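Biologist: Please give me a close look at one part of this model, the surroundings of its ligand, and then follow the chain from there into the neighbouring elements.

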Amino acid sequence: MKINLLVGTMTGTAQLVAQELELVWDDGELQVETLLMDKLDGSVFRREGVFLVVTSTYGQGDVPDNAKGLYEDLKAKRPDLSRVRYGVFGLGDRTYAETFNFGGKRFDDLLQELGAQRIGERVQHDASSGVLPEEMAVEWGERWLALAKDALAVST
Ligand SMILES: Cc1cc2nc3c(=O)[nH]c(=O)nc-3n(C[C@H](O)[C@H](O)[C@H](O)COP(=O)(O)O)c2cc1C
């Protein structure tokens with residue numbers, strides 16, 4: 001089974017989360033690949049396996065700069081993603097109450113619009129909570145991985 005981690009980040013926290021997940025998950029049987037969103041376009045969703053979008057939030061609830069190309073490409077070209085299974089680990093900060101975790105939410109909403117099916121619930125890390133995002137990800141990820149395996153077993 002393959003897992004593609006798609007990372008949207010400004011200051012590297014989301015990348016740390018992906019690195020930690022890769023370290024814990026990649027055991028040979030499970031192949032994990034981390035892709036920074038820089039320079040990716042919608043064709044990335046043609047890759048084999050399931051996808052986990054790990055992204056932070058910036059500006060007025062925007063996706064980070066390195067995720068803009070991918071986000072805008074999907075919005076413009078609107079590919080049919082009905083065969084895509086994905087999860088979202090969002091990073092944000094509750095002090096931005098109006099736009100808390102909107103980066104992950106934007107990807108989630110768009111992927112659903114394009115027909116992709118989410119595995120599990122969208123996670124929202126809060127930088128003000130004192131909980132380390134990579135620790136939250138590993139704990140949450142255990143359950144998500146089990147759901148992802150079930151999802152792949154049904155769809156293949
Ligand atoms: C200038 C700036 C704007 C931000 N805007 C938001 C926001 O609108 N909503 C939110 O939930 N978090 C916001 N954040 C918090 C970041 O998303 C959060 O700190 C995240 O962990 C950063 O991850 P990264 O290092 O992967 O980019 C903002 C942070 C900064 C510095």
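Modeller: By class, the shell around the ligand holds nine nonpolar, 10 polar and one charged residues (Ala, Val, Leu, Ile, Met, Phe, Trp, Tyr, Cys and Pro are nonpolar, Asp, Glu, Lys and Arg charged, and the others, Gly among them, polar). The model is predicted, and local features need pLDDT of at least 70, side-chain atom pairs pLDDT 80 or more, while totals for chains, interfaces and linings use all residues. Residues are numbered from 1 along each chain as its sequence is written.

The shell comprises 20 residues that surround the ligand (the C-beta atom, placed from the backbone, lies within 6 Å of it). The closest of them are Thr9, Thr13, Ser56, Gly92 and Tyr96. Two elements give two or more residues to this shell: helix H1, residues 13–25, and strand E4, residues 85–92 (helices, H or I of at least four residues, and strands, E of at least two, are DSSP runs numbered from the N terminus). These two elements are a convenient starting point for the rest of the description.

Within H1, the buried residues are Ala14, Val17, Ala18 and Leu21 (buried means 20 or more other C-beta atoms within 10 Å of its own, exposed 12 or fewer, partly exposed in between, with C-beta atoms placed from the backbone). These residues cover an arc of only 95° around the axis, and therefore lie on the same side of H1 (the arc is that of the directions from the helix axis to the C-beta atoms). An α-helix has 3.6 residues a turn, so residues three or four places apart point the same way.

H1 also serves as the link between two strands. The chain crosses from E1 through H1 to E2, and this β-α-β crossover is right-handed (with the strands pointing away from the viewer, the path from the first strand over the helix to the second runs clockwise). Strand E1 comprises residues 2–8, and because five of its seven residues are buried, it is largely enclosed by the rest of the structure. E1 runs parallel to strand E2, residues 31–36, and six bridges join them (strands pair if DSSP finds at least two bridges between them). One such pairing sets Val7 against its bridge partner in E2, Leu36. E1 is likewise joined by six bridges to strand E3, residues 50–55, and these two strands run parallel. Here the bridge partner of Asn4 in E3 is Phe51.

From E3 the description returns to E4. E3 and E4 run parallel, joined by five bridges, and Val53 stands opposite Val88 in E4. Together with helix H2, these strands make a right-handed β-α-β unit. In H2, the residues Asn66, Ala67, Leu70, Tyr71 and Leu74 are buried. They cover an arc of only 115° around the axis, which places them on the same side of H2. The face of H2 turned away from this buried side carries the exposed residues Ala76 and Lys77.

Between H2, residues 65–77, and E4 there is a loop that contains Arg78. Phi of Arg78 is near 45°, a positive value in a residue other than glycine. Arg78 counts as partly exposed because it has 13 C-beta neighbours inside 10 Å.

E4 itself has seven buried residues out of eight, so this strand is largely enclosed by the rest of the structure. E4 pairs in the parallel sense with strand E5, residues 117–118, over two bridges, with Arg85 standing opposite Gln117 in E5. E4 also pairs in the parallel sense with E6, over four bridges, and the bridge partner of Phe89 in E6 is Val123. Strand E6, residues 123–126, has a covered face formed by Val123 and His125, and an uncovered face formed by Gln124 and Asp126. In a regular strand the side chains alternate between the two faces of the sheet.

One further loop completes this view. Asn101 is found in the loop between E4 and helix H3, residues 102–113. Although Asn101 is not a glycine, its phi is positive, at about 60°. Asn101 is buried, because 24 other C-beta atoms lie within 10 Å.
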